[in-house]
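Hi,

Here is the structure I said I would pass on. Have a look at it first, and then read on for what turned up.

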Amino acid sequence: MESPNAPSHQRLSPKMVVPVDLLISLATVPLVVGLVGTKILTQIAQELGQLSEEVFRGDRLPLLKFPSQPSSIDTGDP
């Protein structure tokens, strides 16, 4: 029979005891990967936003030639 003053890890079965250091080390890898991945995704989103601004700003769009005098079809003159 176990004494009531025994530490809690001695009262649990050996299968249920997992060292805290192991749990912390297993949780560290996904946390670091998530932080690095978030930083990379943020940089990609910012670069994509800047590129889309350049495209829609019109610096690289071709100039369209409009006729200087409207044709008779546009004005409705017979």
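Let me start with confidence, as this is a predicted model. Of the elements in the protein chain, helix α1 (residues 8-11) comes out with the lowest mean pLDDT, 57, while α2 has the highest, 91. Over the protein chain the mean pLDDT is 78, and 63% of the residues reach 70 or more. The usual caution applies: where pLDDT is low, the predicted coordinates should not be read in detail.

Now the fold. The protein chain has 3 helices and 0 strands, so reading from the N terminus you get α-α-α. Don't go looking for a core: buried residues account for 1% of the 78 residues in the protein chain. Its accessible surface is about 7,800 Å², and 66% of that belongs to carbon and sulfur atoms.

Most of what I have to tell you concerns α2. How far apart should the ends of this helix be? With 38 residues (20-57) at 1.5 Å a residue, α2 should span 56 Å, and its end C-alpha atoms sit 55 Å apart, which agrees. The helix is also hardly covered, as the count of buried residues among its 38 residues is 0.

Two residues in α2 show what that looks like up close. V36 lies in this helix and is partly exposed, because its relative accessible area is 45%, between the 20% and 50% cut-offs. T28 is in α2 too, and with a relative accessible area of 37% T28 also counts as partly exposed. The T28 side chain reaches the backbone oxygen of I24 at 2.6 Å.

One more thing to look at is the surface around V36. Which residues make the nonpolar patch there? Together with V36, the residues V32, I40, L41 and I44 form a nonpolar surface patch of about 450 Å². Keep the helical repeat in mind when you view it: an α-helix has 3.6 residues a turn, so residues three or four places apart point the same way.

If you open only one part of the model, I'd make it α2, given that its mean pLDDT is the highest among the elements.

Cheers

Terms used
Residues are numbered from 1 along each chain as its sequence is written. This is a predicted model: local features need pLDDT of at least 70, side-chain atom pairs count only at pLDDT 80 or more; totals for chains, interfaces and linings use all residues. Side-chain values use heavy atoms; hydrogens and water are left out. Helices (H or I, at least four residues) and strands (E, at least two) are DSSP runs, numbered from the N terminus. Buried means under 20% relative accessible area, exposed over 50%, partly exposed in between (1.4 Å probe, protein chains only). Accessible areas come from the Shrake-Rupley method with a 1.4 Å probe; for residues, only the protein chains shown count as cover. The expected span of a helix is 1.5 Å times one less than its number of residues. Patches are made of residues with over 30% relative accessible area and no salt bridge: like charges are joined within 9 Å, nonpolar side chains (Val, Leu, Ile, Met, Phe, Trp, Tyr) within 5 Å. A salt bridge is a side-chain nitrogen of Lys or Arg within 4 Å of a carboxyl oxygen of Asp or Glu. A polar contact is a pair of N or O atoms within 3.5 Å; within protein, one must be able to donate a hydrogen and the other to accept it, and residues adjacent in sequence count only if both atoms are side-chain atoms. pLDDT is the predictor's confidence in each residue, from 0 to 100.
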